[in-house]
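Subject: Handing over the structure

Hi there,

Here is the structure I promised to pass on to you. Please have it open while you read the notes underneath.

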Amino acid sequence: MSQSTGKVLFEMKGIGKTFPGVKALEGVNLTVREGQVHALLGENGAGKSTLIKILSGAYTKDEGQIFLEGKPVEIRNPQDAEAFGISTIYQEFNLARNLTVAENIFLGHLPRKGLSIDWAHVKQRSREILDMLGVTFSVDTPTSSLSVAEQQLVEIAKSLNRKTRLLIMDEPSAVLSEKDLEKLYEVVRSLQARGIGIIYITHRMKEIFLLADEVTVLKDGRYVDTRSIANVTMDELVKLMIGRELKDVYPKRDPAPGDMLLEVKNVSRSKLVHDVSFNLRAGEIVGFAGITGSGRTELVRSIFGADPYSGEMRIAGKPYKPHSPADAIKHGIALVTEDRKAQGLLLKLNVTINTTISGLKQLSRYGVIQLAKELVLVKKFIQELRIKTPGPEFIVVNMSGGNQQKVVLARWLSIGTRIFIMDEPTRGIDIGSKSEIYQIMDDLTKQGVGIIMISSELPEVLGMSDRIMVMREGTIVKELSRAEASEETVMNYAVGSQSGANLAHA
Amino acid sequence: MSAVVSKVTKRRSGVLDILRGSPIMGPFLALIAASIFFATQSDKFLTGANLSLIIQQVIVVGALAIGQTLVILTGGIDLSNGMIMALSSVLMTGFAVTSGLNPILAILAGLLVGIIFGVLNGALITSIGLPPFIVTLGTFNIAYALVRIYTTSTITNLPPAQLFLGNTFSIGGTEITYGSVLLLILYAITWYVLRSTPAGRAVYAVGDNPEAARLAGINTKRVLTGVYTVAAITYGIAGLLLVSRTGVGDPQAGQTGNLDSITAVVLGGTSLLGGRGQILGTLIGALIVGVFRNGLQLMGVGSIYQVLITGILVIVAVSIDYLSHRGK
Ligand SMILES: Nc1ncnc2c1ncn2[C@@H]1O[C@H](COP(=O)(O)OP(=O)(O)OP(=O)(O)O)[C@@H](O)[C@H]1O
Ligand SMILES: [Mg+2]
C-alpha cells in the first residue's frame with residue numbers, strides 16, 4: 001500500500017561528514033522516490049539536518065555518493081542543488097521580509113521583458129501557484145505582515161516556481177500551531193500527488209503515520225534502518241530512534257496546589273493583551289493554549305518584565321512591578337522564550353557561558369566566578385539533560401536545534417526558579433528528551449515550583465497541564481480543568497468557532 | 001540514559017580549524033612568522049635594545065586598544081579614543097605646568113575629564129540609542145576642539161612625577177620602562193576580568209545578542225555605559241604613557257589613535273560584529289603592527305610603505321576572520 005516502489009529519484013549512499021571535533025554522519029543511506037514522502041527520524045543531534053544540508057548544497061559531504069535517477073552527481077553548492085531540482089525549506093525561513101509575496105516567489109529569478117522586469121508575468125504566475133496551494137492572500141502582501149504559517153506557504157510556493165523534483169522540509173510543523181497543521185498536510189499530499197519526492201523531518205511521531213510512506217531512522221550520525229510505514233509501529237520507531245522503549249511520554253500528574261505564587265489582575269498591553277487575570281499556585285502547571293497571535297507570548301513577556309504593561313501583579317501576596325527581566329529573575333521568575341535563536345541563546349558563545357549567564361551571582365565569590373564550580377554545574381546539566389555536545393566549550397551555534405533548546409532549559413533550571421514560564425518548551429525536541437523534560441517539570445512542581453506553559457502542541461497542553469487557559473485575541477476566553485479539556489474543546493475556544501460557542505452554552 | 005556525546009575526531013584539522021580552536025592562535029603565529037622574517041633580514045632586529053624599542057613604539061596604541069577591544073566586543077566602535085587621550089594628556093600637563101597644580105592631582109584631573117567623555121559616550125548610546133559610530137565621531141570632534149581651545153602649543157618642562165613611567169630599570173642589560181610594565185598589568189587585569197567575572201561575561205553576552213542578554217537578566221544599558229567609561233580610563237592612561245614617552249603635552253597627538261587601535265584589535269582576531277575576541281589577541285595585534293613598522297624601517301623601507309603594508313594586513317586579518325566563520 002505504501003509508495004516504496006515508485007521510481008527512485010535521489011539516492012545517498014555511505015554519506016559521511018565530520019565537523020571539527022564532531023563526527024556528524026557516518027555511512028548514512030537514504031533513497032527517495034518520486035511521489036514519496038520520506039520521513040527522517042532521529043534524536044536531537046542524530047544528523048538529520050546535516051544530511052539534508054548535504055543534499056541542498058549547504059554543506060559538502062566528506063564521504064559517500066549521491067545519485068540522481070541512478071547517475072552519480074556532485075552537489076557542491078546550493079546552485080548545483082537547484083539545478084538538480086532540489087528545494088529546501090529550512091526551519092529558519094529565507095524570505096526577504098521587505099518584499100512582497102510575488103517578489104519573494106521570484107527572488108533571484110525575476111523574468112525580463114526587454115530591459116524591464118515582466119511584473120505582469122510575476123504576479124500572474126505567483127497567483128497561479130498560490131491558487132494551486134489553496135492560498136487566498138494577495139501576491140502583493142508584504143511578507144513581513146504574514147503569519148509564520150503563511151510565510152511557510154510562500155517558501156513552498158517559491159520552491160514550486162522552480163522545477164522542484166525533491167522538496168526537503170526540516171521540521172516544518174515545529175513552528176505551526178494546530179490550526180495550521182491540516183493545511184500543511186494538505187499541501188504536502190498535493191505535492192506528492194504531483195510526483196514530487198519529499199523528505200520530511202519531524203519530531204511529532206503522529207505526523208509520520210499521517211504523511212509518510214517510508215521512514216529512515218538515524219542514531220548518533222549512523223544509519224539505523226529504513227522501514228515502510230505499513231510495516232512499523234510507533235513503539236518500534238521510538239525504539240529504533242532512542243534505543244530503548246518509552247512507556248509513557250507524560251508523567252502521571254498528581255497535583256497538590258499549594259500557596260499562591262503569582263496573581264495577575266487585569267493585565268493589558270496596548271493592542272496585544274486585554275484585561276487578563278489568572279493565578280498560579282505552587283506545584284501547579286497552568287497551560288496556555290491558543291492559536292498564534294492570541295497574545296500568549298506577549299502576556300508572559302510582560303509578566304517577565306520584558307515589555308511594558310498595565311494592570312496589577314502580586315507574587316506570594318506582595319505587589320510585583322517588574323521593570324526589566326533582571327527584576328523578574330530576582331523575584332524568582334524564569335522565561336524560556338519561544339524563539340531560542342533570536343531571544344534565548346548567545347549563539348556565538350559556548351555552552352558554559354550560555355548555561356550560567358543568569359546565575360553568575362550564585363557562582364561568584366568576591367565578584368569572581370568560581371570557574372571550577374561552574375564547570376561542575378555545567379557538566380551536571382549536560383549529563384542530566386543529555387545535551388549532545390563535544391564539551392562545555394562548544395559554541396552553541398554549531399549544535400543541533402534540539403540540543404540548543406536543552407541549553408536554554410539548563411540555564412533556567414540551574415538558578416532555582418520559583419515561577420517557571422515556558423513558551424514552547426519542547427519545540428524541536430525529540431520524543432525521548434521530551435518525556436525527560438516533562439518528568440523534570442513534574443519534579444519541579446513537587447518541589448513547589450509553579451509552571452506556566454505555553455504550547456501549540458495540544459497533546460502537550462492536555463498531557464501536562466493541571467488547568468488550561470485558552471486565549472483568543474489577547475484575552476483568556478475560557479479556563480478548563482484537566483478533566484474538562486479535550487483537543488476539540490480547546491481548539492473550539494481557541495478559534496472561537498460556532499461549535500465552541502455552542503459548547504459554552506451546553 | 002548514557003550521555004550521548006559525539007566521538008571526537010582528530011582528522012581533518014586544517015589551518016582554519018586550528019584558528020577556530022583558539023582565536024588568538026592565528027595572530028600569534030603571524031607575529032612569530034613576522035619576527036623570524038625580520039630577524040633574517042636584519043641582525044639588529046632581535047637585539048634587546050630593538051625589542052625594547054618596539055615595545056616603546058606600541059605602548060600608547062596598546063593602551064588605547066584595550067578600551068577599543070572592550071567596546072568592539074560589545075558590538076560597538078570608539079572613534080573618539082585618540083582624542084580623549086590627547087585631551088587628557090594636554091590637560092594633565094597643562095594643569096601642572098601652566099596652572100601649577102600638584103602633578104599627581106593634575107594627572108587625576110586629566111583622567112577625570114577622559115572619564116567624563118566615556119560616560120558621555122555611554123549615555124548617548126544607551127539613552128538615546130544612537131549608533132556608537134556617530135556618537136564617538138561627535139565626541140572625537142568635541143574633544144579635538146577642546147584640546148585646541150585649551151592650547152595650540154606644545155607643553156614642555158614637565159615635572160618629573162609626570163614622566164615617571166618613562167623611567168627604566170634593567171633586566172639582563174635590557175632597559176625596560178615602568179610604562180611597559182604598567183601596560184602588561186593592564187592587559188592582565190582586563191584578561192582576568194573578561195574571563196572570570198560576571199561583568200566580563202556580560203560584555204560578551206551584550207556583544208553577541210543584546211536582546212537575548214537582556215532576557216537573560218543582564219542590564220545591557222549599564223554594561224554599555226560601563227564599558228565606554230572603563231574604556232575612557234584606559235585612554236587616559238594611554239595619555240599618561242604618551243606624556244612619559246614624549247616628555248611633552250602635545251595638542252597634535254592622538255589623531256590616528258582610533259584607526260591604529262582598531263587595527264590592533266582586528267589583527268588580534270576580535271570580530272567587529274561583537275561577542276567574539278580575546279584581549280590577549282589585541283596585545284599581539286599591537287605587537288604585529290609594531291614589529292612590521294620596526295622591521296620595515298630596519299630594512300630601509302619608507303614610512304609610507306609601512307602604512308601601505310599595515311593596510312594590507314588589516315584586510316587579510318578581516319578576511320581570515322570572515323572566511324573562518326562563514327557557512328554558519
Ligand atoms: N557547523 C557545524 N559545526 C560543528 N558541528 C556541527 C555543525 N553542524 C552540526 N554539527 C553537529 O553535528 C551533529 C548533528 O547535528 P544536526 O543538526 O544534523 O542534528 P539533527 O539531527 O538535525 O538534530 P535536531 O533534531 O536537534 O535538529 C550535532 O552533534 C551537531 O553539534
Ligand atoms: Mg535539525
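Below is what was found, beginning with chain A as a whole and then moving to single residues.

Please keep in mind that this is a predicted model.

**Chain A as a whole**

Chain A is built from 19 helices and 24 strands. How compact is chain A for its length? Its radius of gyration is 24 Å, and the globule rule gives 23 Å for 506 residues; the two values are close, so chain A is as compact as a globular protein of that length. Along the principal axes, the C-alpha atoms of chain A fill a box of roughly 70 × 55 × 50 Å.

As for the inside of chain A, 58% of its 506 residues count as buried. Among the contacts in chain A with a separation of 6 or more, 67% are between residues 24 or more positions apart.

Turning to the outside, the accessible surface of chain A is about 20500 Å², and carbon and sulfur atoms account for 51% of that. Chain A also carries 64 positive and 61 negative charges, and the mean positions of these two sets lie 4 Å apart.

**One loop residue in chain A**

If you want a place to zoom in, try D118(A). It is in the loop between β8 (116–117) and α4 (119–132) of chain A. Is D118(A) buried or exposed? Its relative accessible area is 16%, which is under the 20% cut-off, so D118(A) counts as buried. Leaving aside residues up to four places away in sequence, D118(A) touches P111(A), R112(A) and K113(A).

**Aromatic rings in chain B**

Over all chains, the whole structure has 10 aromatic pairs. One of them joins F37(B) and F38(B): the ring centres are 5.2 Å apart and the planes meet at 65°, which is over 60 degrees, so this pair is edge-to-face. F38(B) also pairs with F45(B), this time in a tilted arrangement, with 5.9 Å centre to centre and 40° between the planes. F37(B), F38(B) and F45(B) belong to one aromatic cluster together with F292(B).

How do these rings fare for exposure? F37(B) is partly exposed, at 41% relative accessibility. F38(B), in contrast, is buried, with a relative accessible area of 2%. F45(B) is buried as well, at 1% relative accessibility.

**A39(B) and its surroundings**

A39(B) is part of helix α2 (residues 25–41) of chain B. With 26% relative accessibility, A39(B) counts as partly exposed. Which residues does A39(B) touch, not counting those up to four places away in sequence? They are F45(B) and L46(B), and F45(B) is also a member of the aromatic cluster described above. A39(B) and G295(B) are 256 residues apart in sequence, yet their C-alpha atoms are 8.3 Å apart in space.

**A loop residue in chain B**

One last stop is N102(B), which sits in the loop between α4 (81–97) and α5 (103–128) of chain B. N102(B) is partly exposed, with a relative accessible area of 41%. Its C-alpha atom is separated by 10.0 Å from that of M92(B), a residue 10 positions away along the chain.

I hope these notes help you find your way around.

Best wishes

Key. Residues numbered from 1 in each chain as written. Chains lettered and ligands numbered in written order. Predicted model: local features only at pLDDT ≥ 70, side-chain atom pairs only at ≥ 80, totals over all residues. Heavy atoms only, no water. Helix = DSSP H or I, 4+ residues; strand = E, 2+ residues; numbered from the N terminus. Rg over C-alpha atoms; globule rule 2.2 N^0.38 Å. Buried < 20%, exposed > 50% of the residue type's maximum accessible area, 1.4 Å probe, protein only. Contact = heavy atoms within 4.5 Å. Areas by Shrake-Rupley, 256 points an atom, 1.4 Å probe, with all protein chains shown as cover. Lys, Arg positive; Asp, Glu negative; His and termini not counted. Charge placed at Lys NZ, Arg CZ, Asp CG, Glu CD. Phe/Tyr/Trp six-rings, centres within 6.5 Å; stacked < 30°, edge-to-face > 60°.
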